[in-house]
Every structure is written in C-alpha cells, then in structure tokens.
Amino acid sequence: MMNYWLMKSEPDDLSIAELAAAPGKAFEWTGVRNYQARNYMRDGMQVGDLALFWHSSCPEPGVVGVVRIVAAAHPDSTQFEPDSPYYDPKSSLESPRWLGVDVAYERTLPLMSPATLRAIPGLEAMQVLKRGNRLSITPVSPAEWALIVGERG
C-alpha cells in the first residue's frame with residue numbers, strides 16, 4: 001500500500017526547479033535533525049511512496065510539486081562531514097543517528113500556500129497546517145492527497 005508524505009525543503013538547499021532540471025536523478029534528502037521526522041523515514045516511508053514537495057523558509061512557502069521515494073532510509077551522509085552544517089560528532093558509521101531517503105522528481109504543481117490549503121474543506125486536520133508544526137516530514141492521508149493533487153495525479 002502506498003503512503004503519502006509532505007517533505008519541506010528550503011529552496012536554497014533543494015528546490016523543485018533543481019529537481020525538475022534533473023528528471024530521473026535521485027537526490028539524497030539530508031539534514032533532518034528531528035527524531036520524529038527521522039522515524040517517519042525509517043518506519044513509514046517505502047520506495048514508491050509519493051510526497052508533496054514544500055518550499056519552506058522563503059517568501060512564498062507551500063506545496064510546489066511531487067516527488068517519489070526512490071531509496072529507503074539510509075544513513076544521512078552529512079552527519080559525518082565536519083564541514084557540513086548538519087555534522088553530528090556523536091554519530092558514527094557504526095551507529096548513525098540520522099537518516100535520509102532518496103527522492104526523484106515527479107511533477108511541478110502550482111504553488112499552494114498555507115492560506116490556500118487552509119481554505120480547502122477537508123484539510124483542517126492536516127499536520128503541516130497545525131499551529132506550531134515545525135516537522136520537515138509529515139504523513140499525508142489519502143483523502144488529503146486527493147484534495148491537494150486531485151486530477152493532477
């Protein structure tokens with residue numbers, strides 16, 4: 001059974017345009033340093049799942065596209081790189097603390113801002129729209145997926 005997700009990225013780190021420019025290329029999803037988001041990748045994400053791609057921390061945040069999970073959870077390479085902002089000196093190759101998945105571009109969608117999403121009946125319980133939600137990865141229900149992606153598939 002396919003699962004659906006929402007994955008946030010700052011466009012300066014990884015944008016939908018960058019993904020679209022390399023169709024079929026796998027991009028490592030790095031930098032997740034929240035245990036709940038890590039656990040979603042480890043325990044829930046499967047190859048073939050789809051995710052809404054959300055631009056965050058930018059002038060126009062919101063859903064901008066769809067990506068497919070193309071590699072299951074594996075150690076996030078940036079935790080081992082001392083020059084990386086995501087370096088974790090407590091992590092080791094033998095016992096990595098942080099995980100990533102690989103994603104590939106599926107399609108670009110017209111921007112759907114948080115305000116636009118809040119105006120759609122049926123999305124009231126969507127995790128990304130809840131006050132105080134800061135998780136970079138959240139599950140999306142099949143009903144929420146259908147309301148957002150609709151006929152665009």
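In what order do the six strands form an open sheet? In this predicted model, the order is β2-β5-β4-β3-β1-β6, and the pairing is mixed. The edges are taken by β2 (27-28) and β6, each of which has a single partner strand, so one side of each is left without a neighbour in the sheet.

Inside the sheet, strand β3 (residues 50-55) is a useful place to start. On one side, strand β1 (residues 4-9) runs parallel to β3 and is joined to β3 by six bridges; here Met-7 stands opposite Phe-53. On the other side, strand β4 (residues 62-75) pairs with β3 in the antiparallel sense, also over six bridges, and Trp-54 stands opposite Val-63. The hairpin of β3 and β4 has six residues between the strands, and within this hairpin Ser-57 takes a positive phi near 50°. From β4 the sheet continues to β5, with nine antiparallel bridges between the two strands. Val-67 has Tyr-105 in β5 as its bridge partner.

In a regular strand the side chains alternate between the two faces of the sheet. In β3, Leu-50, Leu-52 and Trp-54 point one way, while Ala-51, Phe-53 and His-55 point the other way, and all are buried. Because six of the six residues of β3 are buried, the strand is largely enclosed by the rest of the structure.

The residues of β3 also lead into the nonpolar cores. The largest nonpolar core has 21 residues, and Phe-53 is one of those with the most contacts inside it, together with Met-7, Trp-29, Met-45, Val-101, Val-103 and Ile-137. Two or more residues come to this core from each of β1, α1 (16-20), α2 (35-44), β3, β4 and β5 (99-112). Leu-52, by contrast, belongs to a second, separate core of 19 residues, which also includes Met-112, Leu-117 and Val-149.

Within the largest core, Trp-29 shows how parts of the chain meet. Leaving aside neighbours within four places in sequence, its contacts include Met-7, Phe-53, Val-101, Val-103 and Ile-137, and also Lys-8, Ser-9, Leu-14 and Gly-100. Helix α2 has Ala-37, Arg-38, Asn-39, Tyr-40, Met-41 and Gly-44 as its buried residues, and these pack against β1, β4, β5 and β6 (137-140). At the start of α2, a side-chain oxygen of Asn-34 comes to within 2.8 Å of the backbone nitrogen of Gln-36.

His-55, in strand β3, is a polar residue to follow in the same way. Its relative accessible area is 12%, and His-55 is therefore buried, as the limit for that term is under 20%. The His-55 side chain reaches the backbone nitrogen of Ile-16 at 3.1 Å. Beyond its neighbours within four places in sequence, His-55 is in contact with Ser-9, Pro-11, Ser-15, Ile-16, Pro-61, Gly-62 and Val-64.

Aromatic rings provide further links. The count of aromatic pairs comes to four. One of them, Tyr-4 with Trp-145, is stacked, at 4.5 Å centre to centre and with 25° between the planes. Tyr-4 lies in β1 and Trp-145 in helix α4 (residues 142-149), so this pair ties together parts that are 141 residues apart in sequence. Trp-145 is buried, with a relative accessible area of 5%. A ring is also met by a charged residue: Lys-25 lies over the face of Phe-27, at 4.8 Å from the ring centre.

Definitions and conventions: Residues are numbered from 1 along each chain as its sequence is written. This is a predicted model: local features need pLDDT of at least 70, side-chain atom pairs count only at pLDDT 80 or more; totals for chains, interfaces and linings use all residues. Side-chain values use heavy atoms; hydrogens and water are left out. Buried means under 20% relative accessible area, exposed over 50%, partly exposed in between (1.4 Å probe, protein chains only). Helices (H or I, at least four residues) and strands (E, at least two) are DSSP runs, numbered from the N terminus. Two strands pair if DSSP finds at least two bridges between them. Rings of Phe, Tyr and Trp (its six-membered ring) pair if their centres lie within 6.5 Å; planes under 30 degrees apart count as stacked, over 60 as edge-to-face and the rest as tilted. A charge sits over a ring if NZ of Lys or CZ of Arg is within 6 Å of the ring centre and within 35 degrees of the ring normal. A nonpolar core is a set of buried Ala, Val, Leu, Ile, Met, Phe, Trp, Tyr and Cys residues joined through side-chain atoms within 4.5 Å. Contact means heavy atoms within 4.5 Å. A polar contact is a pair of N or O atoms within 3.5 Å; within protein, one must be able to donate a hydrogen and the other to accept it, and residues adjacent in sequence count only if both atoms are side-chain atoms.
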